[in-house]
Amino acid sequence: MQPEIWIGTIEVYFANPETPSVWEPAFTTVMTWACNSEEFSQKCTRMLESYGWKLLGVDRANPVSDEDEFSEETEDMLERTKSNPNAIIYGTFHTYPKM
């Protein structure tokens, strides 16, 4: 099976740069080349671990389709991924409101 560009939403656990001892959950979009959802997840884990972060879960990971429409940020991620077969590109981190 040939690798293709996959997109997914992942939930992560990361240390807040302003308060490094406080870990927070967040979610972000990731694009990378993969052959299946397992490889997509493995690449996300490897990328996050390189920053000292943790993968909490993968949601909606699928190959990118020609019919998909994306925001400007995600289109930029797609263009950067297309030009780099080793790319693991993540978007803006969205944190959850504190209660």
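## Charged and aromatic contacts in a predicted model

With a relative accessibility of 45%, E79 counts as partly exposed. This description concerns a predicted model. The side chain of E79 meets that of K82 in a salt bridge, with an N to O distance of 3.5 Å. K82 likewise counts as partly exposed, because its relative accessibility is 47%. Both residues belong to helix α2, where they stand three residues apart, about one turn of the helix.

**Salt bridges**

Side chains of opposite charge can pair when their charged atoms come close. How many salt bridges does the count give? The count comes to three salt bridges, and the table lists them with the distance between N and O.

| Salt bridge | N to O distance |
|---|---|
| D59 and R60 | 3.7 Å |
| D76 and R80 | 3.2 Å |
| E79 and K82 | 3.5 Å |

D76 and R80 are four residues apart in helix α2, so about one helical turn separates them. D76 has a relative accessible area of 40% and is therefore partly exposed. Its partner R80 also counts as partly exposed, at 39% relative accessibility.

The bridge between D59 and R60 joins two side chains that fall into separate accessibility classes. D59 counts as partly exposed at 42% relative accessibility, whereas R60 counts as exposed at 58%. The reason lies in the upper cut-off: exposed means over 50% relative accessible area, and R60 stands at 58%.

**Helix α2 and the residue Y90**

Is M77, a residue of helix α2, buried or exposed? M77 is buried, because its relative accessible area is 1%; the cut-off for this class is under 20%. The C-alpha atom of M77 lies 7.5 Å from that of Y90, although 13 residues separate the two along the chain. Y90, at 28% relative accessibility, counts as partly exposed.

**Aromatic side chains**

The structure holds ten aromatic pairs. One of them is formed by Y90 and F93, whose rings are edge-to-face, with 5.5 Å from centre to centre and 65° between the planes. The class follows from the angle, because planes over 60 degrees apart count as edge-to-face. Which residues form one aromatic cluster with Y90 and F93? The other members of this cluster are F14, Y51 and W53.

**Surface patches**

A nonpolar patch on the surface consists of Y13, W23 and L56, which together have about 270 Å² of accessible area. Within this group, W23 lies in strand β2, which spans residues 19–34. W23 has a relative accessible area of 30% and is therefore partly exposed.

A negative surface patch is formed by the acidic residues D66, E67, D68, E69 and E75. Where does D68 lie? D68 is placed in the loop between β3 (54–63) and α2 (72–82). Its relative accessibility of 33% is the reason why D68 counts as partly exposed.

**Overview**

Helix α2 contains the pair D76 and R80 and the pair E79 and K82, together with the buried residue M77. The C-alpha separation of 7.5 Å relates M77 to Y90, and Y90 in turn belongs to the aromatic cluster. The surface features described here are the negative patch that includes D68 and the nonpolar patch that includes W23.

Terms used: Residues numbered from 1 in each chain as written. Predicted model: local features only at pLDDT ≥ 70, side-chain atom pairs only at ≥ 80, totals over all residues. Heavy atoms only, no water. Patch = residues over 30% accessible without salt bridge, like charges linked within 9 Å, V, L, I, M, F, W, Y side chains within 5 Å. Areas by Shrake-Rupley, 256 points an atom, 1.4 Å probe, with all protein chains shown as cover. Salt bridge = Lys/Arg side-chain N within 4 Å of Asp/Glu carboxyl O. Lys, Arg positive; Asp, Glu negative; His and termini not counted. Charge placed at Lys NZ, Arg CZ, Asp CG, Glu CD. Helix = DSSP H or I, 4+ residues; strand = E, 2+ residues; numbered from the N terminus. Buried < 20%, exposed > 50% of the residue type's maximum accessible area, 1.4 Å probe, protein only. Phe/Tyr/Trp six-rings, centres within 6.5 Å; stacked < 30°, edge-to-face > 60°.
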